[in-house]
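Subject: Handover of the structure

Dear colleague,

I am passing this structure on to you, and I would be glad if you looked through it before reading my notes.

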Amino acid sequence: MKRIKITPAWYFSDEAGNQLDPQLFVLLEGVHLHGKLTEAAKMAGISYRHAWNLLGKWQEFFGIGLVELQRGRGARLAPLGEKLLWAEQRVIARLGPQLESLGSELNLEIQQTLEGVRPVLRMHASHGYAVELLPQYLDGLHLDLQYCSPREALVALNRGACDLAGFHLPQGPVGQRLVADYRPLLKPRSHRVLRFITRRQGLMIAAGNPCGIHGLKDLTQGETRFINRQLASGTRALLDGLLQAEGLSSRRIRGYEIEEYTHSAVAAYVAAGMADAGFGVEAAARRFGLDFLPLADEDYLLLCHHRSLSEPRLLRFREMIAGQAFQEAVLKLPGYSLDRCGEVEDTEALVTV
């Protein structure tokens, strides 16, 4: 299937018109992951000589080294190389979900022109790593996936703008409070819940935990720098609920007012040394080499209309998420587990979350 993939791009340039080669970022990531220039070159799909020349060219461009090579000890990123890599990852982490949503819209229109009208499943959902996997496994069915806040997803379902709304509820007392907030948007007679996955949320902490953070209370003491999620996100609601449960004031958290828009963006912010801790899913922390302190498990759920459950597109979707291939992919995500994936429940079951 021919598909548009939109990726962010940025570059340095000088008076002579030289521009930073995007391949350099792949090479820097390879050095970071493997500690060897030979392995980094393989990851970038280039020869060792080409990798050496590429580094030399851009080290001359900046006038400072990007990679430190040590005889018998491999390679590691120099400070500027680290900053360039984390800048690239932060750009992708912040803009990726929005560009995926736009790409979904464009692909839908183009594929229908190329192949004729095919079944389309419209899904509005809070962003997450398991949700990201869905388009890869839905053969024969177009998924129009739009990322938004949980409340926006539920509103879209009620006005007929989507077929599935993805939202997440923490397990325990915090979840009880949040489901009460969502209750006006849940229609027991017409809505049904599709079970999906469970994921772990908590504090993403700089590697080695140099600030000695062992709980939310530590964020309110000393000079610990924090990076938050945006106000409308379900993850922000979870954090605020946990703070309230412990009797902690957000006003005492340095950086509470600074926001990022995805789990990956928060993790990249911490990994770049711009904050000491953030709040999000374990998978994001592990992807960026951070320590993780688990604080809550939450159920990621999908809401649909009862009448749509018998439609072929929903049947195909339920079959896919209950299938071995998709479930094996989910289980590879750190902190993710399966929770009766694809089973149907009444909305009343949410009161026991």
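Below are the notes, beginning with how the values were obtained.

This is a predicted model, in which local features need pLDDT of at least 70 and side-chain atom pairs count only at pLDDT 80 or more, whereas totals for chains, interfaces and linings use all residues. Residues are numbered from 1 along each chain as its sequence is written, and side-chain values use heavy atoms, with hydrogens and water left out.

Helix H11 covers residues 312–321, and Leu314, Phe317, Met320 and Ile321 are buried in it; helices (H or I, at least four residues) and strands (E, at least two) are DSSP runs, numbered from the N terminus. Buried means under 20% relative accessible area, exposed over 50%, and partly exposed in between, with a 1.4 Å probe and protein chains only. The four buried residues lie on the same side of H11, because they cover an arc of only 125° around the axis, the arc being that of the directions from the helix axis to the C-beta atoms. As a general point, an α-helix has 3.6 residues a turn, so residues three or four places apart point the same way. On the other side of H11, Pro312 and Glu319 are exposed. Among the elements that cover the buried residues of H11, by contact (heavy atoms within 4.5 Å), are strand S3 (120–125), helix H5 (129–137) and helix H12 (324–331).

Turning to charged pairs, the structure holds 19 salt bridges, a salt bridge being a side-chain nitrogen of Lys or Arg within 4 Å of a carboxyl oxygen of Asp or Glu. One of these joins Arg192 and Asp346, whose closest N and O atoms are 3.2 Å apart. Arg192 lies in strand S6 and Asp346 in strand S12 (residues 344–346), so this pair ties together parts that are 154 residues apart in sequence. Arg192 is buried, with a relative accessible area of 14%, while Asp346 counts as partly exposed at 41%.

A salt bridge also links Glu259 and Arg236, at 3.1 Å from N to O. Since Glu259 lies in strand S8 and Arg236 in helix H8, the pair ties together parts that are 23 residues apart in sequence. Glu259 is partly exposed at 28% relative accessible area, whereas Arg236 is buried at 6%. In addition, Arg195, Asp299, Asp339, Arg340 and Glu345 are linked in a network of salt bridges.

As for cysteines, the structure holds zero disulfides, a disulfide being a pair of cysteine sulfur atoms within 2.5 Å. Cys148 is in no disulfide, and the nearest cysteine sulfur, that of Cys162, is 7.4 Å away.

With kind regards
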